[in-house]
Each structure stands twice: as C-alpha cells, then as structure tokens.
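Here is my note on the structure you sent. I start with one helix and its end, then turn to the whole chain.

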Amino acid sequence: MKTTELAQAIKKGELTAQANAEEKIKAVEKNKHLNAFIDVYAEEALEKAKEIDARVKKGEETGMLAGLIVALKSNICIKGKRATCASKILENYVAPYNATVVEKIIAEDGIIIGSTNMDEFACGSAGTYSAFGPARNPHNPELVPGGSSSGSAVAVATGMADLALGSDTGGSIRCPASFCGVVGFKPTYGAVSRYGLIDMGMSLDQIGPFARDVEGAMLLLTTIAGKDARDQQTSATPSQLAFEAKKIKGMKIGLAKEFFEGTDKQIALKIGEAIQKLKEAGAELVEVSIPSARYAVPIYFLTMFAEFSSAMQKYDGLRYGLPTDVTMPLAKAVSEERAQGLGREIKRRIMVGTFITMKEYSEAWYAKTLKARTKLKKEFETALEKCDAIVTPTMPCLPWKIGEKMSNPVEMYMADMLTASANIAGIPAGTAKCAEINGLPVGMQVHAKKNDENNAFTVLQAVQERTGK
Amino acid sequence: MEGKDLEVMIGLEIHVQLASQSKIFCECQANYRESEPNSNVCPICTGQPGSKPMGLNKTALENLLKIASALNAKIKTSEKIYVQRKHYFYPDLPSGYQRTSKPIATEGRIGKVRIREVHIEEDPGRYELKKGLVDYNRSGVPLAEIVTEPDLKTPEEARAFLEELEAILGYLNAVREEAGGTRIDANISLKGGNRVEVKNINSFKGVYTALKYETVRQHSLLEKGGKITQETRHYDEAGGITIGMRKKETAEDYRYIPDPDIPPLEIKQEQVEKVKKQIPELPREKTARVSKEYEIKEEDAWVLASEKELVDLFENLANEFDAQPLANWMRGPLKKQLNYRNMQFKDSKLTTEHVEELYGMITKKEATDKTADTLLIKMLENPQQKPRALANKLGLVRIDNEKAIERIVEETLAENLKAIEDYKKGEQKALHYLAGKIMAKTRGTAAPEIVQKLLKEKMA
C-alpha cells in the first residue's frame, strides 16, 4: 500500500491510526540493533493515534498526515524534547520551542514517533560519527546506512515510520536514502523553513522528506513547505504549496558526464540501464555539461566549514554541555569542555573553518570558494535551460563497512561528490531506488531547476514505476 | 595644554539604541528595562540552537536612515548591504557572534567633523562581571553605530560635537529615550604616540572626562620620554580614569562573514527621499534662523536650539514678548532649574500656556524674579498648577503698594541701626543687606525697585 493510500484509509476509518502506530512501535522494538533512534516517544504516539481515531469516528476533519507515523532527525527541535544532534554537548539540551516543520506536522495530525540517530551535528556521510553509537544498514548491519540523516532513512526502510524528516547540507538526505533504498528529497533552498533546524552550513541546509514511495515524499513536502517569517531565506511559489508528479513522456532529461567519471563502474552501468527505461517511457535524453561539478567537493566543504565554524561558536562551554569546572582558568575550562563535548570530526571542521575565515586567509580560501560556488551555480542554470531534469547516480559507491574511511576524512568527503552540487546551486534533488547490486540498493538522483520540484518528482516517480520497485 | 601644541587626534564610535517597538531580529519588546532579568527573551534573541533571525526591524532601519540623513551622509542605494557576523566570545553574546551590518551610509558631516560611516547592529545582553550574572533582556535591541573620522582636536571639541549630536538625535526622535543605552568608544592619539582606544564609556559626559584624563596621561608620559603603545583601555566611570585592558600587538580577528541567514539589505532611492522629507530643521540651522529672525544673541539661540521643544516654546512666546529678555530668562532661570533636575524641557511636562502665564507675570511685574523662581520650582513639582493661581494660594503676589512696603522698610530699619550707620559711611553692601532683609520678610514679594527707592529716601 502506498503511503498516500494508507493516509486515505485512516482518514476514511478503514484502518486505524492506533493499529498503524502499534505496528511501527513493534518494528522499532524489532530493529533496535540498527540504532536508528536516539529517543522514542511510543506512549505519546499511541495516545495521539487514539485521539485521531476518535476524531475520525466522530466524522471530524483530520489533517493531511492524520495517522501517519513520522520520525524526525535529532537536529530538529521539538518543544520539551531533547535535540541532541547526536552530540555529547547537547546530550541534555531540551528544546524550548518547536521547529516550524514540527508545527506544520502537528497541525496536519502527523504522529511524531521519535528523534533519529545521525552523524554528530550532521557532519558525516556514514552515520558512524554519532555520540550515541553508529546506526546500521538494514540490508546488512555490518554496513553503514549512509549519513548524516542515517536513522531517518533506516526508520522508513524498516517500517519503523511511514515518513521521516532529515536535513541535507551536501547530501545528508540523499546519501542514506540511496544506501537504504528509500526515497529521499532535498527541496529548493528556501522551500522549507529551517527555523528549528540546528545549524550546519546555513546557506546549504534544507530539511526534506524520506518516504518509502515518491507519493509519500510529495505529501510530506506539501505539509512542510512554505514561506516563514522565522526563516528569511524562505520563499514560496504556488508549485511549492502542492507537489505532484506529471507525465514523463516528452520530458527532456539531461545527462552530464561529469557525474559518471568518479562513479563505481557497476553503479554507472545500473544507472545507464534505468536511464534507458526512462527513454522507453518517452523521455528525451539530452547531453549537458557542468564542468565545475568536478570541484563540488572542495566548494561544498570549504563553504560549509566556514559557516559551520561560525554556527559552533555558541557551544563555548558557558551555555551548553557538561557543567564547566569553574576552578580552572577560563580558557582551559572552555577547551576541556569542548574537548569532551565535541567529536573529532566536529573539531576538525571547526578548526578548518576558523582557519579559512581568518583575516589573513579569508581572501585566498573563503572568498575564492564563494566565487567558485557562483560559477557552478551558473553552469547548472545553463544546463537546466536545455532540459527539465538532470539525472545522475546518487552515490559514487556502495555502502562500506562500519569503521572504514574513518581514518581518512578526505576519502569520506568524496562520498558527497555527486550530491553536494545541488546544495551549492540551491536546486532541488531527490533520489529513488532504481536497481540492486548484491542485494544492496542503488539510488538514482534527479535534479531540477530552482522551485521546480515537480519535474524532479515526475522523473523519480517514473524511476519508481519503471524499475519495478 | 593647547590642542594645537599637542596635535591631538580624536575619533569617536558612538552606539545609540534606535527607537523601535520590537527587537531587531525578533518580536520581543525593545523596551527591556521594565522586565525581570531574562524574561524579555525568545529562542531568537537568546540564540537557541536552530533559531534564525527574523527580518531586520523596519522602524529601526528607518530611524537609522533618518540619522544618516541628518548627518548629511550618503546612503548606499546602489548596492547590497550585507549583515555580517562578528565573532568573539563573551558571556552576554548568546551565539558567539554579533550581527552587524556593513556601512549603510558614509561620508557624513557635522560642521567640520567628518562622519566616516553609520551602520546598524544588535545589542548584546548584559553581563555583571562581579556577580557572574547574564541578562539577555537587552540582547537584540537595535543599535546605530556612528563612526567619526579623527577630526576632533580637543576633549572640548569632542564634548561640543557630542552635544550637537545629542541635540540632533533628540530632534529626530530616532533613538530610545531611556538613559544608559548609549555607549562610546574613543580613539585618541598624540603626536609621537600610538593610537589608544578607550572602550565602554557610557555617557557623553564620560567621553569628556575620559579624553581629558587621556590627554594629560599621554602628554606627561611623552614628556618624560615614555612611549605610548597601541592599546585598549577601559573607562572607569567612578574614578573618572582609564585603565589598561590588553595590549593590541596584533589586530583582533573577528572572522567576519556575511550572515547566511539574512538576505542583504537593499535601500531604495524612494525610501531615502521619503526619509529626507521627514528631517526637521536641525539645531545648526535653527540657531541661525532664530537668532536672525528674533534678533537675539547667537549663543542664546544655540542654547535654546539644543532642545527642539525648548526652542519651539521660545518661538511660541516670542510673538508676545520681547525676544531678548525672554531668551535671557529661558536660558537663565528656566534652564537652571531644568539642569538642576537633570531634565530637558519636554521631560518637565510644563505646558506652553503655564510658562506663558508665568513669564507674563514677570513682565507685568506681578512676580519678582525671586517669586517667579519659587513658582517655577512649585510648577516643576506639579506641572498641573497654574502660576497665577499658585501665587495667590501661596501668598506670593507682588506687593506694589508703596504704603505697605514703607511700613516694612521702617520696621526693618529700626531693627538694623548698625547697617544705617554703615550705609552712611558709604558702604553699599549695607543697602543690599537691608534689601535682603526686607525681601526675606516679604518672601520675595516686595517690588525691588520700590524697596530700593524707599531705603535710599529713609537713610538719606
């Protein structure tokens, strides 16, 4: 049953929200070994489900998400709940307010089941940099589930939730969606309010949906999108108030060789096969070129490091984290606090970000990065004038073993080579499973123009239908 | 210690709180003073993880544009103005950075003092060092920072400049009225020394004291053959002195980046034109016009023009009374009572009508200078009271009746035979002494010219 069909069934009273919640809670119990959740709100979820059922029975109007179970990445603030960011420094931080997306989910009667595991402060592509232990891939628990929105992808893949939210700064939704075999979507920068999303790279961050099907992703995105006075970067266009897929026939699909160069041969082959199926469905293939996509990784990481180091200034040991030892000299107390409260990868990023924004180096590094970013953005815009969507692999490789790539950060960073461009350009990009290799899912990524989510959804839906998923 | 000899260069960075209903990036009240500590706050102005700034407060920006316009500065309309993050660690800074815009206007001028730039920023919270307490109620109150070129040559010039600036700000109604929101950093260098920055001066008066102290300190140090190193000093208000904080061997690095959460500001030419139309006649022009139009001394006009409400009062009354004596009275007895209470005319709540009546009593000789003063003091205590009614109530009506005065004069002379002898020996002081006695007996109500006349007659 598709997510939207499930929602309709609950709305009509054919199925109960309670039964749906119970089923999801059972799955949470069963899949504990995957370490997908940091906190589970089982009792509250059940209570809310019963309340929705009672309202359905009385014939009252219910919201778009009524009875659907939603998991949230633990960098999204829920009033009265911990927002840990999977970090020791926020281990006991209880959010005093709701993120805008949380307000919207509650308003549409979605049932929030818990906060999901992630790479600390969203820094990682594997789900292994969590202070709460690594999340695991449901297809093989020895493998990484992808990151940083690891738990959200795992929860949807294993039926612990109908829907989930993640955040995507350089691929953090699309990477785990691809590795876990679910649909993941990063909207246009500004389509969804970031108010209540704990900062990583503020000019790149977007909240987006996970679902087991494209319809579910569209439904959740319809719920959360829109302009918000609490995020000045939001802008709403009519198409972003209701998302829908159109016909694939006659669509122009762009292919850029730069996105296949560093990709694993087997994956490239599978993506090629899926593209043929889109052609069979009536799509027209167009060759496009985005030469600067080769520099997506340095552009992305340098931009993000700079913004991240700024965002992390507030965790100075005075406000958040473990009690500071006041008997120590201030500078020592603060460094001790940060040494214990923050993970190794976080410290690496803060240090590099601090370095490249220092007066002495800013021109050579940060200013130059911004220029390169503008160039890549323009190239995407030009390419997207020639086509309706650009199709690429989502990940250049298959999920690796937990523990691998941890010693070489650059190797880990390369995992974002195909996803980071969409964040740099601020355009929408989603992934859907299009094939399997040795029982592991392979995701196809679809990019579209700014504020043109529906074209991306159209192609993703065609992928979903034509590849037999 | 003439400025010329020392070749002093002084530049000022003045922070004033812009008038607005809410804080700069959130919906909390900008009037933080009436709240319990840490109650006038929200996730945004306390920098809670995940919070983002809302749109920059429009009223605050409009008030900043008014200030820039009044300072004859060029407002940037043809470019995007980024709000930047200025990073530093301090307990009252909730996010570890302060949001501060790039210059919004440049190349302004007050008289011969050039204004380098004006920009907008957020106020941090308050930190009580000794108690280790932080209060975020103030966090996010909009500030304008006005930066001058180092064109001031003496502490006196700096004081005069700040007085004029204060007057201009008062005319514009663009800043918060409550005291204590203003903070000034002063840069001062003497020939042969390096630039010294004095931080955290909390009043315009403090600037003068701090600069006076610094010129003397630096001058005597240089005279002794010492060196002035580049440093930041803290102004100690209680002691009226400056204290070295840290040596500035390397420039501080705030790692400025454009705030990714805030789209750059763009100011439209129409907005600038609209603001320009709202700028009233400013103190300098007001002084020139009023002095010419009413034929009063320019220095008197300047004192009156230091406050818009005061000069308005003058203009209202000058149609009815002789202008120069009126100016003298306003600048003298009236201003003296206001200054004594540390208030401006508008704070006194005195109405034009009541002042008109009081001054009318003086000119019509219904009140003596002495009783007018007494009446003014009573009126300041309770601005509802009408002066004439008050005079009746207090028995402060001027005595013009020569017979009545004569009786008191005779009585007084009988009690002060020694003074009569002194007067006859040619001591004028004795006359004043006797007049004083009579005024005391009549609580200042006796017409002074009649008292004088009668005393002289009786002792002749």
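1. G59(A) has a positive phi, about 80 degrees, just after α3(A). The coordinates come from a predicted model, so that angle is a computed value.

2. The helix before that glycine, α3 of chain A, runs over residues 42–57 and has 16 residues. From first C-alpha to last it reaches 23 Å. That is close to the 22 Å expected at 1.5 Å a residue.

3. Which residues of α3(A) are buried? They are A45(A), K48(A), A49(A), I52(A), D53(A), R55(A) and V56(A). Note that the list holds K48(A), D53(A) and R55(A) alongside I52(A) and V56(A). These buried residues are on the same side of α3(A) because they cover an arc of only 160 degrees around the axis.

4. The other side of α3(A) carries exposed residues: E43(A), E47(A) and K57(A).

5. What does the buried side pack against? The partners in chain A are three helices, α1 (3–12), α2 (17–30) and α4 (100–107), and the strand β3 (111–116).

6. Now the whole chain. Chain A has 15 helices and 11 strands. Its radius of gyration is 21 Å, which agrees with a compact globule, because 469 residues packed that way would give a value near 23 Å. The C-alpha trace spans about 65 × 55 × 45 Å along its principal axes.

7. Of the 469 residues, 63% count as buried. Among contacts with a separation of 6 or more, 77% join residues 24 or more positions apart.

8. The accessible surface of chain A is about 17000 Å². Carbon and sulfur atoms account for 54% of that surface.

Technical notes:
Residues are numbered from 1 along each chain as its sequence is written. Chains are lettered from A and ligands numbered from 1 in the order in which they are written. This is a predicted model: local features need pLDDT of at least 70, side-chain atom pairs count only at pLDDT 80 or more; totals for chains, interfaces and linings use all residues. Side-chain values use heavy atoms; hydrogens and water are left out. Helices (H or I, at least four residues) and strands (E, at least two) are DSSP runs, numbered from the N terminus. The expected span of a helix is 1.5 Å times one less than its number of residues. Buried means under 20% relative accessible area, exposed over 50%, partly exposed in between (1.4 Å probe, protein chains only). The arc is that of the directions from the helix axis to the C-beta atoms. Contact means heavy atoms within 4.5 Å. The radius of gyration is taken over C-alpha atoms; the globule rule is 2.2 Å times the number of residues to the power 0.38. Accessible areas come from the Shrake-Rupley method with a 1.4 Å probe; for residues, only the protein chains shown count as cover.
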